[in-house]
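Dear colleague,

I am handing over the structure we spoke about, and I would be glad if you could look through it before reading my notes. What I found is set out underneath.

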Amino acid sequence: MKPIVAVVGRPNVGKSTLFNRLVGQPLAIVEDSPGTTRDRLYADSEWNGRAFTLVDTGGLVFEQMGEVESKVREQAQIAIAEADVIVFMVDTSTGLTAADWEAADLLRRTDKPLILAANKADNEERRQAALEFYELGLGEPIPISSLHGTGTGDLLDAITASFAPEVAEEEDEAMRVAIVGRPNVGKSSLLNALLGEERAIVSEIPGTTRDAIDTRLEWGGEPIVLIDTAGIRRRGRIEPGVEKYSVLRAMRAIQRADVAVLVLDGVDGPTAQDAHIAGYILEEMKSVIVAVNKWDLVPKDSHTMPAYTQAVRAALRFMDYVPVLFISAKTGQRVGQVLDTALRVREERLVRLSTAELNDMLRQAVARQAPPTKAGKSLKFYYVTQPSVDPPTFVFFVNDKELVHFSYVRYLENQIRERYPFTGTPLRLLFRGREPRRKKG
């Protein structure tokens, strides 16, 4: 499990600039005005051999809060609650403020590892000014410049040193199935229907399931662990009170799963947020099934199911290999197909194709559609092999991997799926070029 590191502090202290530097790409919007980052933003990073999820948050405001400021603070507090380590950022250019004191009091009550980052320490005078923040009683401030990168290595050392020791997961042959989706689509109802008993809370109030709940069962003689998760909501739409959705916890559930069941609301139809969640699953390279729930409430004729399937395919156009099931957790209609399909999908996830079969496929694919050229250079394939499964990974050896176009990658993936469908499972295609020959002498 990747630890979660939340970067928090009052507005305009440089949290988003630090976030972009630590994840290595400009994911967060950076402007020199307070309140630019209103929602949580998260991405994976790595340091000292430890991978972790970094969370950027909006500024903590403690007075004169309007509706927007209140929701920003709510978002930040959710990130704090989910974090394993908290980086509290302060600003050496302005010095210690009343807002810093209030934020420190809030963070001190979390009883979590706290790292104090004194930002904008761009010169020796500012680095000396960082010592003022000792007064907060949160330990030694680490002077950094998120803009120029100075001190960020020391900060990352402190972050990774705060992580709990990695514990090797015990081998468990049980298939792990995460039930994920937007709030109120019927995830807990599906869990209960699969279990045949009220093991999880079922409610019409969105967000009833706040935590990931693991439940073991046997299905057709196979051990399975079901992971019910908090509803995933679009960033910026998290409301106070009962609708505190734990996106990060749901993402952790996806990370732990072999197969994710993406539950859609049959009455609402596929939405942009459903595609957004599917993107999380794809980023983690997990197998997936789409379960369209509440099918009993959808007016139907002989064309409804094919038309709905087409709409789902269009909404999830980057995952056309995914099986689509139409179920009703309330009536039990086709609910049994969910785990039957999950078992079949996991089985296909572990399939390994022979090198001979793959190279036969490659020869035919290249003969059928020649690789594109770039600046007069032609892409040449030498051979392909599948070194691993879970997920199925294919390595193509070529003359120059820079000549590989994404459209031809998609073409090759389709050719592999013609040989074996790998239903519900993403494929990882890697390309390796020839090492340049060294000149003699």
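In this predicted model, helix 1 (residues 15–23) and helix 5 (residues 152–161) have axes that come within 12 Å and cross at roughly 80°, which makes helix 1 roughly perpendicular to helix 5. On the side of helix 1 the contact is made by Leu18, Arg21 and Leu22, and on the side of helix 5 by Thr152, Leu155 and Leu156; by class, these are four nonpolar residues, one polar and one charged.

As for the protein overall, there are 12 helices and 17 strands, and buried residues make up 50% of its 441 residues. Among the contacts between residues at least 6 apart in sequence, 71% join residues that are at least 24 apart.

In soluble globular proteins, nonpolar side chains tend to be buried together. Here the largest nonpolar core has 53 residues, of which Val8, Phe88, Leu136, Leu262, Val290, Val292 and Val312 touch the most other members, while helix 8 (residues 272–283) gives the most to this core, with five residues. Phe88 is worth following in the viewer: leaving aside its neighbours within four places in sequence, its contacts include Val8, Leu107, Ile115, Leu136 and Leu138. There is also a second, separate core of 25 residues, with Leu191, Leu226, Leu339 and Val345 among them.

The other region I looked at is an open sheet of three strands in the order 15-16-17, in which the pairing is mixed. Strand 15 and strand 17 (428–433) stand at the edges and each has a single partner strand, so one side of each is left without a neighbour in the sheet. Direction ignored, neighbouring strands of this sheet are turned by 25° against each other on average.

Within the sheet, strand 15 (residues 381–388) pairs with strand 16 (residues 393–398) in the antiparallel sense over five bridges; Tyr383 has Phe397 of strand 16 as its bridge partner, and Phe381 stands opposite Val398 in strand 16. These two strands form a hairpin with four residues between them, and Asp390 in the turn has a positive phi of about 60°.

Two helices accompany these strands. Helix 11 (residues 355–368) packs on the sheet, where it touches strand 15 and strand 16, and its direction makes about 140° with that of strand 15, whereas helix 12 (residues 406–419) lies across strand 15, strand 16 and strand 17 and runs at about 120° to strand 17.

With best wishes

Key:
Residues numbered from 1 in each chain as written. Predicted model: local features only at pLDDT ≥ 70, side-chain atom pairs only at ≥ 80, totals over all residues. Heavy atoms only, no water. Axes fitted to C-alpha atoms, helices over the stretch in contact; angles between N-to-C directions. Parallel < 35°, antiparallel > 145°, perpendicular 65-115°, else oblique. Contact = heavy atoms within 4.5 Å. Nonpolar A, V, L, I, M, F, W, Y, C, P; charged D, E, K, R; others polar. Pairing = 2+ DSSP bridges. Core = buried A, V, L, I, M, F, W, Y, C linked by side-chain atoms within 4.5 Å. Buried < 20%, exposed > 50% of the residue type's maximum accessible area, 1.4 Å probe, protein only.
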